[in-house]
Structures are given as C-alpha cells and as structure tokens.
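Thanks for sharing this one. Here are my notes, set out as numbered points so you can follow along with the structure open.

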Amino acid sequence: MNTFVELYNEENRDSAVMARAGEILKNGGLVAFPTETVYGLGGDALNPEASAKIYAAKGRPSDNPLIVHIADMEALKVLVSEVPEKARLLADCFWPGPLTMIMPKSEAVPYATTGGLDTVAVRMPSHPIAYELIRSSGIYIAAPSANTSGRPSPTTAQHVYEDLNGRIDMIIDSGKVDIGLESSIVDLTGDVPTILRPGYITKEMMEKVIGPVTIDRALLADREDPNLRPKAPGMKYKHYAPKGELIIVEGQRQAVADAVNELTEKNEAAGLKTAVIASEETLSLYRAACKVSIGSREHEESIAANLYDVLRQMDEMGAERIYSESFAGGSLGAAIMNRLLKAAGHHVLRLETQKDNV
Ligand code: TXA
Ligand code: MG
C-alpha cells in the first residue's frame, strides 16, 4: 500500500486534503492525524473492519480497546448508553482537551472497537486539525496512538512514517504536537472515578470538579501486589521501551552525575555504547559522549513534549545502556514518570536522598 503524506496546518489548508482524508475514513481506510497529545491512527469507530485494520497496522493485540474521538457532545447520544453526571461535569471543564472518559457503551459501538468490553473510551480532542477531520468526515474516529505497538507514541508525522509507512492510507502532517504525552484516562463506570492513565489533566484538576478520584493501584510503582493488572488493557503491555537497557538514576543532582559518569566510564571500557538523558540545567555535568537534553526543569511541559522523541533518538544512536535523570516533580511528574518507568521496566537506581534531588 502507498502511504500519502500530506502537509496540512493552519497556514496550508488545501481543502482537497481534508476531502480525501474524509473519503478514506468513510470507506473503511486509515488516516493518521495530529491531536494535541500525540498523533492518532484513525478509522471509522462504528465499522468493525476499520477497527480490525487499525489493530493489524499497529501489530496491536485485539484485546486492547481504542479511543473514540468526537467533535461535539451530541456524539455521546450515539456512542454511550448512559452519561454519568460526573462525566458531564468533567466534559464542561476539560473538553475539548487531553482527557479520555470511559463510559458504558451503546449498541452502536462494535466490540471490535472496544476490545470486547461493554465500555467505551471517548475523547474530544482540542487540536484544530483533529476537530476539522472529525467534522468534515462526519464520522466518529477510533484512534490509538499512531505508532507500532510497543514503540513510543509519535509526536511528529515523521515518527508515524517511520512506524507505519506502507501500512496505512494517509498521514496528515501538521508538525510537532503540543503536549507529547497521551491523554489522561478516567473510568467513570464505578462508584469512585478512577484514573487508568495519568496525563496532562491531573488527579487534582479532576478532583476540583468532581470530588474524590482514585488512581488504579496497578499503576503505582509502590503497588503492594506486583501481580495487579491495570484496568486499562493497554497499560499492561511493555511500552515505549528503547532497545538499549534504560535505568533511571535518582538522588542529589551531583551524586547522580558522579554515579552516572562512573558507570559510563565502565561501560565504555567494556565497549558498551552508553547514553545519558538529562535536563538542560544538568547536561554539562555528564561526561558521556552521547548525551541528550530532554528539556528544562523550569518548564516541565518541554520535558513531556520531548520524552518520546528522545526515547526514539536512543535507538537511532544505537545506545546499549541509557541512564536517565528522574523527573518526578511538578504537576506533570506523574504522567512523565509513568511513561519513563515503563520504558525502564521500573529499573531505578536510588542514590542516597538529600535535598536538591533530581
Ligand atoms: O492522547 C491519546 O489518548 C491518544 C490520541 C491519539 O488521542 N490516543 C491513545 O490511544 O493514546 P491508545 O490506544 O494508544 O491508548 C488507549 C488506552 C489503552 O491503554 C487502552 O487499553 C485504554 O486506553 N482503553 C481504551 N478503551 C478502554 C476501556 N473501555 N476500558 C479501559 N481502558 C480502555
Ligand atoms: Mg498507544
């Protein structure tokens, strides 16, 4: 299959591109498109064959449900059998935006889209091009992140192309996305709303609107039972991991740099290509030949936005051992560390903790 890449953004709006994307989607084909979080791989959510194609293109296990993208609240009448009051309140505050809500599905939504579940994940993205695509195609767009299963989610059209060229009909290239981490997912089908995936919309932000919210215990690093299974099927899979072994090093900033420099020297002496992921502020403390700034601690949005690209760069460099600083502080810390810990298979080296930790 030939994958067409079309440049389309606020400055380059060729209506023929949107018309073609809409035709592809209506005919059961696949179009990758930008959202404010990451690029999505879109297909018609109400067409089981389109959903099957999405799983095939990504190499994704078919028990891992897809998120349905909508452009207005009317869509809920079609997709959801009952809209919980708390979902309405959250939608008022955070839609359109990087929040996905799990609700009971209607009969219109095929099990092929929900991975066999009786619930459906719905999100109204705020990216103008995503909005335009949903509106102009007139369909509800099922879209997982547009990466090959297991790889970091794509934050540029180039990432999508690397993973899915030849497997999908079209890629709409609108440049780098804004947030860079997938949406927060909250399940509203139980008594207490539960966060299944942390993201830009934090627990605290949700609690201000709807009261107490819990976090799926299986996501926490200090979970009491390591066999707990995450409630979002996708969260149980190994994800985002670079090919090299990634280790997160935590502690006082100079101690982290000293430990990493020592490890780097040993690895390099043993012929292992070693790379370091550090903040803008601390990059100069490291002696490794391969070191990459992930962004500034003064501006944690930059760390979130660059994380997946940096993980992809590790593979391009052929890094065999990778040391990363920890980025737990700030309101995006939970979302960033959730991804980074998964990428590292929860491998953390904790140095003696003192103040001024990094
Ligand atoms: O930001 C995002 O959410 C991006 C953009 C494209 O919108 N999409 C995305 O989709 O990250 P995906 O498929 O990569 O991740 C969807 C997650 C998976 O972990 C999946 O298991 C979970 O949502 N999920 C979907 N439907 C669910 C349901 N009914 N119950 C529980 N978890 C669900
Ligand atoms: Mg994904």
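1. Let me begin with a small detail. A polar atom in the side chain of Thr 35 sits 2.7 Å from the backbone oxygen of Val 38. Please keep in mind throughout that this is a predicted model. Thr 35 itself is found in the loop between β2 (31-33) and β3 (40-44). With a relative accessible area of 2%, Thr 35 is buried, because the cut-off for that label is under 20%. The side chain of Thr 35 also has a polar contact, at 3.0 Å, with the side chain of Arg 123. Setting aside neighbours within four places in sequence, the contacts of Thr 35 are Arg 123, Pro 125, His 127 and Val 177.

2. Arg 123 leads us on to the ligand. A polar atom of the Arg 123 side chain is 3.0 Å from an oxygen atom of ligand 1. Which other side chains put a polar atom at a listed distance from an oxygen atom of ligand 1? Ser 145 does so at 2.9 Å, and for Ser 183 the distance from a side-chain N or O atom is 2.5 Å. You may like to look at each of these pairs in turn.

3. Now for the wider surroundings of the ligand. How much of the accessible area that ligand 1 has on its own does the protein cover? The ligand has 680 Å² on its own, and the protein covers 97% of it. There are 27 residues around ligand 1, and those that come nearest are Thr 37, Asn 64, His 69, Ser 183 and Gly 234.

4. Next, the nonpolar interior. The largest nonpolar core has 43 residues, and Trp 95 and Met 101 have the most contacts inside it. At least two residues of this core come from each of α2 (48-58), α3 (74-79), α4 (85-94), β5 (99-104), β6 (119-123), α7 (157-164) and α8 (203-210). The largest share, 4 residues, is supplied by α4. There is also a second, separate core of 29 residues, with Val 292, Ala 304, Tyr 308 and Ala 344 among them. As background, nonpolar side chains in soluble globular proteins tend to be buried together.

5. Trp 95 deserves a closer look. Leaving out neighbours within four places in sequence, Trp 95 is in contact with Ile 70, Met 73, Leu 76, Leu 90, Met 101, Met 103, Val 122, Arg 123 and Met 124. Arg 123 thus turns up in the contacts of Trp 95 as well as in those of Thr 35. What kind of peptide bond joins Trp 95 and Pro 96? This bond is cis, with omega at about -10°. Pro 96 lies in the loop between α4 and β5.

6. Tyr 240 is worth a visit too. Its place is in the loop between β11 (214-215) and β12 (245-250). Is Tyr 240 buried or exposed? Tyr 240 counts as buried, because its relative accessibility is 1% and the label needs under 20%. A polar contact of 3.4 Å links the side chains of Tyr 240 and Glu 182. Contacts of Tyr 240 beyond four places in sequence include Gly 150, Arg 151, Pro 152, Tyr 308, Leu 311 and Arg 339. Tyr 240 and Leu 311 are 71 residues apart along the chain, yet their C-alpha atoms are separated by 7.5 Å.

7. Asp 315 offers another link across the sequence. Asp 315 belongs to helix α10 (residues 300-317). Its side chain reaches the backbone nitrogen of Lys 243 at 2.8 Å. Not counting residues up to four places away, Asp 315 touches Arg 151, Pro 242, Lys 243 and Gly 244. Asp 315 and Ala 241 lie 74 residues apart in sequence, with a C-alpha to C-alpha distance of 9.6 Å.

8. A backbone point to check by eye is His 346. Although not a glycine, His 346 has a positive phi, near 60°. His 346 sits in the loop between α11 (333-343) and β16 (348-350), and is partly exposed at 35% relative accessibility.

9. Finally, the cysteines. How many disulfides does the structure hold? The count is 0. Cys 93 is partly exposed, with a relative accessible area of 47%, whereas Cys 290 counts as buried at 16%.

Terms used
Residues are numbered from 1 along each chain as its sequence is written. Chains are lettered from A and ligands numbered from 1 in the order in which they are written. This is a predicted model: local features need pLDDT of at least 70, side-chain atom pairs count only at pLDDT 80 or more; totals for chains, interfaces and linings use all residues. Side-chain values use heavy atoms; hydrogens and water are left out. A nonpolar core is a set of buried Ala, Val, Leu, Ile, Met, Phe, Trp, Tyr and Cys residues joined through side-chain atoms within 4.5 Å. Buried means under 20% relative accessible area, exposed over 50%, partly exposed in between (1.4 Å probe, protein chains only). Contact means heavy atoms within 4.5 Å. A residue is near a molecule or strand if one of its heavy atoms lies within 4 Å of it. A polar contact is a pair of N or O atoms within 3.5 Å; within protein, one must be able to donate a hydrogen and the other to accept it, and residues adjacent in sequence count only if both atoms are side-chain atoms. Accessible areas come from the Shrake-Rupley method with a 1.4 Å probe; for residues, only the protein chains shown count as cover. A disulfide is a pair of cysteine sulfur atoms within 2.5 Å.
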